[in-house]
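Visitor: Could you take a close look at one part of this model and then set it within the rest of the chain? I would like the cut-offs behind each term stated as you go.

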Amino acid sequence: MQRYGRHLQLPEMGAKGQARLKSARVLLVGVGGLGSPAALYLAAAGVGTIGVVDPDRVDLSNLQRQVLHGTPDIGRPKSESAEERIRSINPHVEVELFDTRLSSQNALEVMESFDVVIDGSDNFPTRYLVNDAAVILGIPDVYGSVHRFEGQVSVFATAAGPCYRCLFRDPPPAGLIPDCAQAGVLGVLPGLIGTLQATEALKLLLAIGEPLAGKLLLVDSLSMKFRTIEIQRDPDCPTCGANRTNALIDYEQLCASQVEDHASHAGNGENVARVMPAELSERLSKGEVIDLIDVREPYEWDQDRLASARLIPLGEIASAVDAIRDDRPTVLYCKSGNRSLQAARYLASAGKPNVATLVGGIDRWRAEVDPQPFSD
């Protein structure tokens with residue numbers, strides 16, 4: 001009564017709701033930046049069983065954002081550190097440890113006994129694997145991701161809602177998108193996104209409110225803006241569509257093979273050209289024919305884009321190499337320049353000449369050239 005008193009006062013929850021949490025089982029895939037705050041708040045809320053999947057060890061560089069672990073934990077398995085911290089918050093919580101990397105061979109077995117899975121992974125193969133296994137098992141997948149100052153949250157794999165592959169059909173080739181170690185991340189941002197994931201998990205377990213199923217919440221910490229985008233279920237989705245196979249695949253091999261398809265081409269792609277917004281504007285105003293390619297996602301394209309551009313999302317670059325013209329300059333852009341740089345490097349390594357990236361992306365273009373957004 002004392003521990004959960006503030007919960008018991010909520011009409012939407014009360015003793016019955018607290019009892020539901022006591023009998024609930026939530027799996028955390030990853031107890032790093034996103035999994036840390038989720039674990040803390042789920043334990044404090046009284047979720048009866050928390051599963052932890054994480055094969056990594058605590059590193060000094062983790063402590064800037066992974067608040068579940070402390071300096072004395074450096075070198076320890078994250079799963080052990082997480083268990084100790086969870087029990088210190090709430091000794092009534094059962095903790096099940098899976099000190100292993102989730103794979104197509106073990107995902108169904110690990111996930112099948114849980115009510116909700118919170119995906120706190122930091123790589124695309126695991127993210128897609130969790131989604132596919134959640135769809136097969138009928139378990140809601142509470143998704144979160146962070147990049148630099150921006151984050152995303154959604155709930156996938158519900159009975160009527162879309163899954164992750166309805167939004168992002170195929171994973172990008174390995175190495176095309178920088179992770180936190182390469183691009184950096186504001187330390188507090190995973191705390192915000194992970195807490196939102198915990199909130200969504202509690203709503204699902206208690207059957208209250210409106211979960212983010214069919215919606216993608218976009219968080220920009222620099223402007224402190226929150227936007228919600230509607231997501232439709234794709235009837236042709238290979239995971240949840242009418243022709244799904246109900247079989248898991250090894251996404252690590254898939255991502256690697258997409259890169260290997262063009263590994264024989266000359267050049268390492270490290271010295272791709274960089275074009276400033278003012279320079280690109282001048283060249284276009286003089287009538288130079290330039291193939292402008294937007295490597296963002298369709299929902300970003302719908303909100304704003306450069307007038308003469310065409311869309312090839314980063315995840316589709318590997319399969320669209322032949323669609324990149326060799327007879328004219330190609331300039332790729334994204335929101336801030338990171339994804340387009342990775343795409344340009346990949347195309348250069350695939351033998352494409354005259355490939356460049358727009359420095360600062362469309363954000364810098366709007367700040368320095370044309371502030372007016374463009375869309376149909």
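Guide: Arg148 is partly exposed, with a relative accessible area of 31%, where partly exposed covers the range between buried (under 20% relative accessible area) and exposed (over 50%), with a 1.4 Å probe and protein chains only. The model is a predicted one, in which local features need pLDDT of at least 70 and side-chain atom pairs count only at pLDDT 80 or more, while totals for chains, interfaces and linings use all residues. Residues are numbered from 1 along each chain as its sequence is written, and side-chain values use heavy atoms, with hydrogens and water left out.

Arg148 sits in the loop that links β5 (141-147) to β6 (150-156); helices (H or I, at least four residues) and strands (E, at least two) are DSSP runs numbered from the N terminus. The phi angle of Arg148 is near 60 degrees, which is positive although the residue is not glycine. On the other side of β6, in the loop that leads to α7 (164-167), lies Ala157, whose phi is near 65 degrees and is again a positive value in a residue other than glycine. Ala157, however, is buried, at a relative accessible area of 7%.

From here the view can widen to the nonpolar cores, each of which is a set of buried Ala, Val, Leu, Ile, Met, Phe, Trp, Tyr and Cys residues joined through side-chain atoms within 4.5 Å. The largest of them has 38 residues, and Leu28, Leu42, Val47, Ile50, Ile86 and Ile118 have the most contacts inside it. Helix α9 (residues 188-206) gives this core its largest share, seven residues. Ala157 belongs to a second, separate core of 34 residues, which also includes Leu27, Val130 and Ala133. In soluble globular proteins, nonpolar side chains tend to be buried together.

Leu204 is placed in helix α9, and among its contacts (heavy atoms within 4.5 Å) are Val116, Pro140, Val142, Val155 and Pro211, once neighbours within four places in sequence are left aside. Of these, Val116 is 88 residues away from Leu204 in sequence, yet the two C-alpha atoms are 7.9 Å apart. Ile86, with the same exclusion of neighbours within four places, is in contact with Ala39, Ala43, Ile50, Val52, Val93 and Val95.

Two of those partners, Ala39 and Ala43, are buried members of α3, as are Gly35, Ser36, Pro37, Ala38, Leu40, Leu42 and Ala45. Because nine of the 11 residues of α3 (residues 35-45) are buried, that helix is largely enclosed by the rest of the structure. Just after α3, Gly46 takes a positive phi of about 95 degrees.

Helix α4 (residues 78-89) holds Ser81, which is buried at a relative accessible area of 2% and touches Val58, Leu68, His69, Asp73 and Arg76, not counting residues up to four places away in sequence. The loop between β2 (49-53) and α4 offers a contrast in Leu60, which counts as exposed at 60% relative accessibility. Leu60 and Ala278 are 218 residues apart in sequence, with 41 Å between their C-alpha atoms. Further along the chain, Glu300 lies in helix α12 (residues 298-303) and is buried, with a relative accessible area of 12%; its C-alpha atom is 9.2 Å from that of Cys334, a residue 34 positions away in sequence.

As a whole, the chain contains 14 helices and 13 strands. For its 376 residues, a compact globule would have a radius of gyration near 21 Å, and the chain, with 22 Å, agrees with that; the radius is taken over C-alpha atoms, and the globule rule is 2.2 Å times the number of residues to the power 0.38. Along the principal axes, the C-alpha atoms fill a box of roughly 75 × 50 × 40 Å. Buried residues make up 52% of the chain, and of the contacts with a separation of 6 or more, 70% join residues 24 or more positions apart.
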